[in-house]
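Have the fold open in your viewer? Here is a walk through the sheet first, then the helices that sit on it.

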Amino acid sequence: MSAVEAKLAELGLSLPEVVPPLAAYQPAVRSGRYVFTAGQLPMVDGKLPLTGKVGAEVTPEEAKELARTCALNALAAVKSVAGDLDRVARVVKVVGFVASAADFTGQPAVLNGASELLGEVLGDKGVHARSAVGVAVLPLDAPVEVEIQVELTEA
């Protein structure tokens, strides 16, 4: 077990299976020392635990938990092309999308769920730049979607 996966276990988490693509793309691709994930939905066992807009059908607290799940799914996608999460030198960028009710402006707090998980699991390597964007709707009516970019250590 890698050190990163041991840390996940210590937090009571485990790396899920990579979420299969919903369309014509790959969950993650590698270019040189960088891995770019596709947007990861908060799928758990092939299903979305909640759907709808944050600030309407979904509370900000629920959405923050869903963002954690998205980050966990993103780590699984990274492992699928990197082979080992211990090769992550740092998370470079996180981009998060929040399906938002018209008057909801708390997108950064929702995306803290993903950012905090990456910090808990990767420590200083999980510190990153981030964008938090409110959108009208996401695939499958998901409340949140997260993509990450990571730099790998030399092989």
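## Ground rules and the hairpin

Before the hairpin, one bit of vocabulary: two strands count as paired if DSSP finds at least two bridges between them. Keep in mind, too, that this is a predicted model.

Now to β1 and β2, which make a hairpin with two residues between them. Glycine 32 sits in that turn, and its phi is positive, about 60°. The two strands run antiparallel and are joined by four bridges. If you want a pair to click on, arginine 30 stands opposite valine 35 in β2.

## The sheet as a whole

Zoom out and the hairpin turns out to belong to an open sheet of five strands. Read across, the order is β1-β2-β5-β3-β4, and the pairing is mixed. At the edges are β1 (28-31) and β4 (129-135), each pairing on one side only. On average, neighbouring strands of the sheet are turned by 15° against each other, ignoring direction.

As a reminder, strands of a sheet pair through backbone hydrogen bonds, and they can do so parallel or antiparallel. Strand β3 (residues 88-99) shows both arrangements: with β4 it runs parallel, over seven bridges, while with β5 it pairs in the antiparallel sense, over nine bridges. Lysine 93 is a handy spot to look at here. Its bridge partner in β4 is alanine 129, and its bridge partner in β5 is glutamine 149.

## Helices on the sheet

Which strands does helix α2 touch? Helix α2 (residues 60-82) packs on the sheet against β1, β2 (34-37), β3 and β5 (144-152). Its direction makes about 40° with that of β5. Helix α3 (residues 107-122) packs on the sheet as well, touching β3, β4 and β5. The direction of α3 makes about 145° with that of β4.

## Where the helices meet

The axes of α2 and α3 come within 7 Å of each other and cross at roughly 45°. That angle is neither under 35 degrees nor in the 65 to 115 range, so α2 counts as oblique to α3. The crossing is right-handed. On the α2 side, the contact includes Ala63, Ala67, Ala71, Leu72 and Leu75; among the α3 residues they face are Val110, Ala114, Leu117, Leu118 and Val121. By class, this contact has 13 nonpolar, two polar and four charged residues. Lys64 and Arg68 from α2 are part of it, as are Glu116 and Glu120 from α3.

Helix α1 (residues 3-10) also packs with α3, at an angle of about 115° and with the axes 8 Å apart. Val4, Lys7 and Leu8 of α1 meet Glu120, Val121 and Leu122 of α3. Those residues divide into four nonpolar, no polar and two charged.

## What the record says

An unreviewed UniProt entry places the feature "domain: Endoribonuclease L-PSP/chorismate mutase-like" at residues 5-148. In the model, that span is 31% helix and 22% strand. Its end C-alpha atoms lie 18 Å apart.

Conventions:
Residues are numbered from 1 along each chain as its sequence is written. This is a predicted model: local features need pLDDT of at least 70, side-chain atom pairs count only at pLDDT 80 or more; totals for chains, interfaces and linings use all residues. Side-chain values use heavy atoms; hydrogens and water are left out. Axes are lines fitted to C-alpha atoms, for helices over the stretch in contact, and angles run from 0 to 180 degrees between N-to-C directions. Contact means heavy atoms within 4.5 Å. Angles under 35 degrees count as roughly parallel, over 145 as roughly antiparallel, 65 to 115 as roughly perpendicular and the rest as oblique. A crossing is left-handed if the near helix is turned anticlockwise from the far one by less than a right angle, and right-handed if clockwise. Ala, Val, Leu, Ile, Met, Phe, Trp, Tyr, Cys and Pro count as nonpolar, Asp, Glu, Lys and Arg as charged, and the others, Gly among them, as polar. UniProt positions are given in the numbering used here, feature names are shortened, and annotations may be inferred rather than shown by experiment.
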